[in-house]
Amino acid sequence: VQAEQPLLIAFKQDPDLVEAARQLGHISIALGKTEQAIEMFQQVLEQSQTPHQAEAHHNLAVLYLGSKNPEAALKHFEAALQQNPDNQTAQHLCAALKGEAAPCTAPLLYVEQLFDQYAPYYNEHLKQTLHYTLPSQLRNAVARCLTGNLKAGRVLDLGCGTGLCGIVFRDLA
């Protein structure tokens with residue numbers, strides 16, 4: 001994120017800097033700046049001799065898919081597949097976008113990459129956008145069971161999340 005401004009300056013001085021455009025595309029994704037990310041990956045594609053063509057097509061496909069533009073997403077997934085026929089994520093999503101029979105589960109690499117992309121803003125998205133309140137609801141339910149005793153003693157959160165329950169249970173433990 002701190003690299004965004006220096007990269008923008010470098011890119012404005014020389015729009016042919018493929019690596020600056022590529023990195024700005026990734027930073028823009030992380031910052032939720034979809035339009036800027038699309039612009040940067042388009043810049044990468046305009047440089048015909050870059051080794052990042054397949055990656056740029058793949059990133060554009062994902063961005064267009066997230067922007068509810070399945071036609072553009074399919075176009076870029078197909079282009080990514082032309083350059084890298086082993087791209088399981090592109091294979092899976094091309095089949096899905098075309099309405100073809102696809103395996104019942106997504107490729108492991110796709111799931112890993114999706115999780116890695118989502119992880120940095122998962123908690124905020126849960127709380128702010130999805131209005132996730134289950135930890136507070138659980139805490140209140142447990143508190144109602146502690147008639148007369150304000151502390152539960154030791155509390156062990158066996159969830160596989162990011163610790164949101166630990167925060168709201170702190171006063172009961």
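In this predicted model, the lining of the second largest pocket draws its largest share from helix H9, which contributes three residues. The pocket itself has a volume of about 210 Å³. Of the 14 residues that line it, Tyr132, Gly161, Thr162, Leu164 and Cys165 are the closest to its centre. Besides H9 (134-145), the elements that give two or more residues to this lining are helix H8 (122-129) and helix H10 (164-169). By class, the lining of the second largest pocket comprises nine nonpolar residues, four polar residues and one charged residue.

The largest pocket has a volume of about 920 Å³, and 31 residues form its lining. Among these 31, the residues that lie nearest the centre of the largest pocket are Ile29, Asn59, Val62, Leu63 and Gln117. Four helices, namely H2 (18-30), H4 (53-66), H6 (88-98) and H7 (108-118), each supply at least two residues of the lining of the largest pocket. Of the contributing elements, H4 provides the largest share, with eight residues. The composition of the lining of the largest pocket is divided between 14 nonpolar and 14 polar residues, with three charged residues making up the remainder.

Charged side chains were examined next. Side chains of opposite charge can pair when their charged atoms come close. The structure holds five salt bridges, and three of the pairs are described here in turn.

In helix H2, which also supplies at least two residues to the lining of the largest pocket, the side chains of Arg22 and Glu19 meet in a salt bridge with an N to O distance of 2.7 Å. The two residues are separated by about one helical turn, because they stand three residues apart in helix H2. Arg22 counts as buried, because its relative accessibility is 16% and the cut-off for burial is under 20%. Glu19, by contrast, has a relative accessibility of 38% and therefore counts as partly exposed.

A second pair, located in helix H8, consists of Glu124 and Lys127, whose side chains meet in a salt bridge at 3.7 Å, N to O. These residues are likewise three apart, here in helix H8, so that about one helical turn separates Glu124 from Lys127. Glu124 is partly exposed, with a relative accessible area of 44%, and Lys127, at 37% relative accessibility, also counts as partly exposed. Helix H8 is, in addition, one of the elements that give two or more residues to the lining of the second largest pocket.

The third pair is formed by Arg139 and Asp171, which are joined by a salt bridge whose closest N and O atoms are 2.5 Å apart. Arg139 lies in helix H9 whereas Asp171 lies in the segment after H10, so this salt bridge ties together parts that are 32 residues apart in sequence. Arg139 counts as buried, at 16% relative accessibility, while Asp171 is partly exposed, with a relative accessible area of 40%. Salt bridges that share partners also join Glu19, Arg22 and Glu55 into one network.

Conventions. Residues numbered from 1 in each chain as written. Predicted model: local features only at pLDDT ≥ 70, side-chain atom pairs only at ≥ 80, totals over all residues. Heavy atoms only, no water. 1 Å grid on protein atoms, 1.4 Å probe; cavity = no way out; pocket = protein on both sides within 12 Å on 5 of 7 lines; lining within 4 Å. Points joined across faces, edges and corners; volume = space filled by probe spheres on them. Nonpolar A, V, L, I, M, F, W, Y, C, P; charged D, E, K, R; others polar. Salt bridge = Lys/Arg side-chain N within 4 Å of Asp/Glu carboxyl O. Buried < 20%, exposed > 50% of the residue type's maximum accessible area, 1.4 Å probe, protein only.
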